[in-house]
2 protein chains.
Amino acid sequence: MITLDTIQEAHDRIRPYIHRTPVLTNQTINQRAGADIYFKPENFQKIGAFKARGGVNAVLQLAADELQNGRSIGPVITHSSGNHAQAIAYAARQVGTKAYIVMPRTAPQVKKEAVRGYGAEVIECEPTLEARETGVQEVMARTGATLIHPFDDDRVIAGQATAAKELIEDAGQDKPFDIMMAPVGGGGLLSGMALATHYLSPTTIVIAGEPEGAADAIQSFQSGRVEKAPYINTIADGLLTTLSERTLGYIRQHVTDILTVSDPEIIAAMRLVWERMKIIIEPSCAVPLAVVLKHPDRFAGKKVGIILTGGNVDLGKLPF
Amino acid sequence: MITLDTIQEAHDRIRPYIHRTPVLTNQTINQRAGADIYFKPENFQKIGAFKARGGVNAVLQLAADELQNGRSIGPVITHSSGNHAQAIAYAARQVGTKAYIVMPRTAPQVKKEAVRGYGAEVIECEPTLEARETGVQEVMARTGATLIHPFDDDRVIAGQATAAKELIEDAGQDKPFDIMMAPVGGGGLLSGMALATHYLSPTTIVIAGEPEGAADAIQSFQSGRVEKAPYINTIADGLLTTLSERTLGYIRQHVTDILTVSDPEIIAAMRLVWERMKIIIEPSCAVPLAVVLKHPDRFAGKKVGIILTGGNVDLGKLPF
């Protein structure tokens with residue numbers, strides 16, 4: 001159960017290890033959207049993505065729990081090809097413990113190097129979910145490492161919630177947001193945003209954006225069961241995961257709607273942010289803005305908060 | 001004669017029309033450089049570049065001078081294919097006057113559109129300096145417009161000086177900068193930085209960066225005469241211009257050194273900023289950082305301030 005206190009405690013816990021990212025606005029984008037948008041650029045966050053928040057909170061809380069039991073924290077482990085890998089590697093280094101990261105051998109070399117750069121050990125596996133999970137089990141058996149799941153973990157969700165909390169504190173006080181928005185993959189950030197908004201800005205609704213080519217959350221949201229996407233084909237490679245029972249529960253309780261966008265719409269929104277805001281965001285990150293631009297009827301005249309989730313792109317493979 | 005008062009008045013004059021850009025630091029880049037670098041991201045400035053400062057100051061001062069003579073400001077004109085064009089267009093709109101911008105017909109369509117987007121009239125000419133100057137003369141004769149030169153103008157230089165002034169105010173108080181850095185093209189920004197640093201942080205030296213493929217300023221700096229580059233071949237297309245007598249004078253008086261870098265060094269520094277800072281900068285803008293990375297002996301352990309001059313790049317033509 002994540003309460004307002006849980007989120008506040010998470011924020012106090014992680015504050016020394018994360019950036020309080022600023023709030024950005026852009027006149028051209030507001031004119032184009034017909035809305036009043038406040039962006040929270042978590043691409044400027046440690047490790048280049050909001051995932052630093054959840055990873056650090058989970059590892060620090062684990063360390064505190066172990067200490068209370070008279071033990072020091074042991075190694076931690078996760079499997080990820082993306083930002084969560086770097087987040088856990090970064091977090092482990094802060095508490096002086098070892099991190100094992102199981103990564104598909106096909107993951108870009110630059111991502112493996114980034115993880116190693118934070119002092120973690122990369123264990124390569126075949127690029128299937130099964131191989132990843134087997135890899136994790138083997139290392140856990142061998143080392144006693146504790147698994148930190150990318151999103152199916154209340155400590156991680158409470159950490160991600162601090163991004164929405166900061167946005168509400170910094171730009172939603174005099175006039176509350178009408179709408180808060182995040183993209184949805186596994187649902188960790190969206191769950192955290194939904195909970196933080198519920199507690200801190202109860203008149204604000206939460207709307208998620210999802211790629212058409214990974215449209216599992218919208219189906220799960222409608223049916224009430226965790227479902228797979230009918231097909232996977234999208235540039236938004238940070239949003240391919242399905243929800244968990246836990247995140248689906250939070251989302252069904254506190255999110256108003258999930259809207260989908262196509263890859264051309266995502267790329268156009270991403271390009272607009274690069275060109276007009278001069279900041280580098282990942283395709284996954286452009287999904288909420290793409291939703292706003294696609295549905296002027298839903299967002300006209302509204303005050304909208306959007307988390308820009310991350311900026312870890314391969315500059316050698318841009319869609320422009 | 002630009003005094004401390006001139007710069008202070010310019011700052012007060014332009015403040016309502018420009019952003020006070022933040023100061024950014026990056027651990028990875030500091031480790032790589034072995035120095036303590038404070039970046040001032042003028043890519044987040046109005047029109048995406050520091051040139052908004054000089055353009056606005058010149059146009060507002062012109063308007064004030066005309067008013068003192070009992071006249072309202074007439075049209076203004078400049079020739080530019082780059083950021084100064086947008087700066088004058090933006091500035092003219094703030095005072096409600098017309099701007100004519102003479103641009104080579106070969107300039108990217110997106111730049112012409114940006115200038116028109118600020119309400120200015122684009123006059124196309126052949127892509128030679130002679131055609132540009134003839135174009136300006138014709139429009140001036142026809143419309144009575146006042147020319148605002150991109151850098152050979154004390155009002156413009158005083159405006160550009162405010163970028164260095166802000167950087168010194170925001171990050172150079174407790175411990176003064178050892179070195180302030182800017183790229184050099186026509187020398188407007190560098191002159192402004194040199195003057196602001198001279199008045200506000202007199203123990204700080206100023207070092208400029210210049211592309212090897214447009215190495216005119218270093219020659220002029222050494223000889224004391226305005227010289228042309230031996231050849232022009234660089235990706236840093238904002239730095240092709242030669243100095244004027246005016247800017248050479250300021251630079252010879254207040255700049256300690258000019259150091260050159262190759263295009264591969266510029267591109268590597270640009271990529272480092274994109275990847276690690278998640279912000280979009282132009283090639284011209286990466287020149288000072290490339291200088292720092294090339295000369296670890298000169299910069300080791302130093303506190304360095306760098307103006308990131310702008311972020312107007314063509315995403316369809318990236319050097320990665």
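# A walk through a predicted two-chain model

Let us start with how chain A is folded: among its contacts between residues at least 6 apart in sequence, 71% join residues at least 24 apart. Keep in mind that the whole model is predicted. Chain A is built from 13 helices and nine strands. Its radius of gyration is 19 Å, close to the 20 Å that the globule rule gives for 320 residues, so chain A is as compact as a globular protein of that length. If you draw a box around its C-alpha atoms along the principal axes, the box comes to roughly 55 × 40 × 40 Å. What share of the 320 residues in chain A is buried? Buried residues account for 59% of them.

Now turn to the place where the two chains meet. Here 21 residues of chain B are in contact with 21 residues of chain A. The size of an interface is often given as the accessible area lost when the parts come together. For chain B and chain A this buried area is about 1,500 Å², and carbon and sulfur atoms give 60% of it. Which three residues of chain B supply more of its buried area against chain A than any other three? They are B:Lys278, B:Ile280 and B:Leu315, which together supply 42% of the area that chain B buries there. Helix α11 of chain B, residues 263-277, gives the most to the side that touches chain A, with five residues. By type, the residues on this side of chain B divide into nine nonpolar, six polar and six charged.

What kinds of pairing link the chains? The count of salt bridges between chain B and chain A is zero. There are, however, six residue pairs in polar contact across the interface, with both residues of each pair at pLDDT 80 or more.

B:Lys278 deserves a second look. This residue lies in the loop between α11 and α12 (287-294) of chain B. B:Lys278 is buried, with a relative accessible area of 8%. Its backbone also has a positive phi of about 60 degrees, although B:Lys278 is not a glycine. Why point this out? Most residues other than glycine have a negative phi, and most peptide bonds are trans. You can find a counterpart with this number in chain A: A:Lys278 has a positive phi of about 60 degrees and is not a glycine either. A:Lys278 sits in the loop between α11 and α12 (287-294) of chain A, and A:Lys278 is buried, with a relative accessible area of 7%.

Next, let us look at charged partners. Side chains of opposite charge can pair when their charged atoms come close. Over all chains, the structure holds 42 salt bridges. Take A:Arg271 and A:Glu275 in chain A, whose closest N and O atoms are 3.1 Å apart. Both residues belong to helix α11 (residues 263-277) of chain A, where they are four residues apart, about one turn of the helix. A:Arg271 counts as partly exposed at 26% relative accessibility, and A:Glu275 is partly exposed too, at 29%.

Another salt bridge joins A:Lys165 and A:Glu169, with closest N and O atoms 2.8 Å apart. Because A:Lys165 and A:Glu169 are four residues apart in helix α7 (residues 154-171) of chain A, about one helical turn separates them. Is A:Lys165 buried or exposed? A:Lys165 is buried, with a relative accessible area of 2%, whereas A:Glu169 is partly exposed at 31%. These two residues do not stand alone, as salt bridges that share partners join A:Arg20, A:Lys165, A:Glu169 and A:Asp170 into one network.

A third example pairs A:Arg15 with A:Asp12, whose closest N and O atoms are 2.9 Å apart. Here A:Arg15 is partly exposed, with a relative accessible area of 41%, and A:Asp12 is partly exposed, with 42%.

To finish, find B:Glu42 in the loop between β1 (36-41) and α3 (51-68) of chain B. B:Glu42 is buried, with a relative accessible area of 0%. What surrounds this residue? Leaving out residues up to four places away in sequence, B:Glu42 touches a set of residues that includes B:Thr21, B:Phe50, B:Arg53 and B:Ala163. The stretch B:Ile307, B:Leu308, B:Thr309 and B:Gly310 is also among the residues that B:Glu42 touches.

How values were computed
Residues are numbered from 1 along each chain as its sequence is written. Chains are lettered from A and ligands numbered from 1 in the order in which they are written. This is a predicted model: local features need pLDDT of at least 70, side-chain atom pairs count only at pLDDT 80 or more; totals for chains, interfaces and linings use all residues. Side-chain values use heavy atoms; hydrogens and water are left out. Contact means heavy atoms within 4.5 Å. Buried area is the accessible area (1.4 Å probe) that two parts lose on being put together, summed over both. A salt bridge is a side-chain nitrogen of Lys or Arg within 4 Å of a carboxyl oxygen of Asp or Glu. A polar contact is a pair of N or O atoms within 3.5 Å; within protein, one must be able to donate a hydrogen and the other to accept it, and residues adjacent in sequence count only if both atoms are side-chain atoms. Helices (H or I, at least four residues) and strands (E, at least two) are DSSP runs, numbered from the N terminus. Ala, Val, Leu, Ile, Met, Phe, Trp, Tyr, Cys and Pro count as nonpolar, Asp, Glu, Lys and Arg as charged, and the others, Gly among them, as polar. The radius of gyration is taken over C-alpha atoms; the globule rule is 2.2 Å times the number of residues to the power 0.38. Buried means under 20% relative accessible area, exposed over 50%, partly exposed in between (1.4 Å probe, protein chains only).
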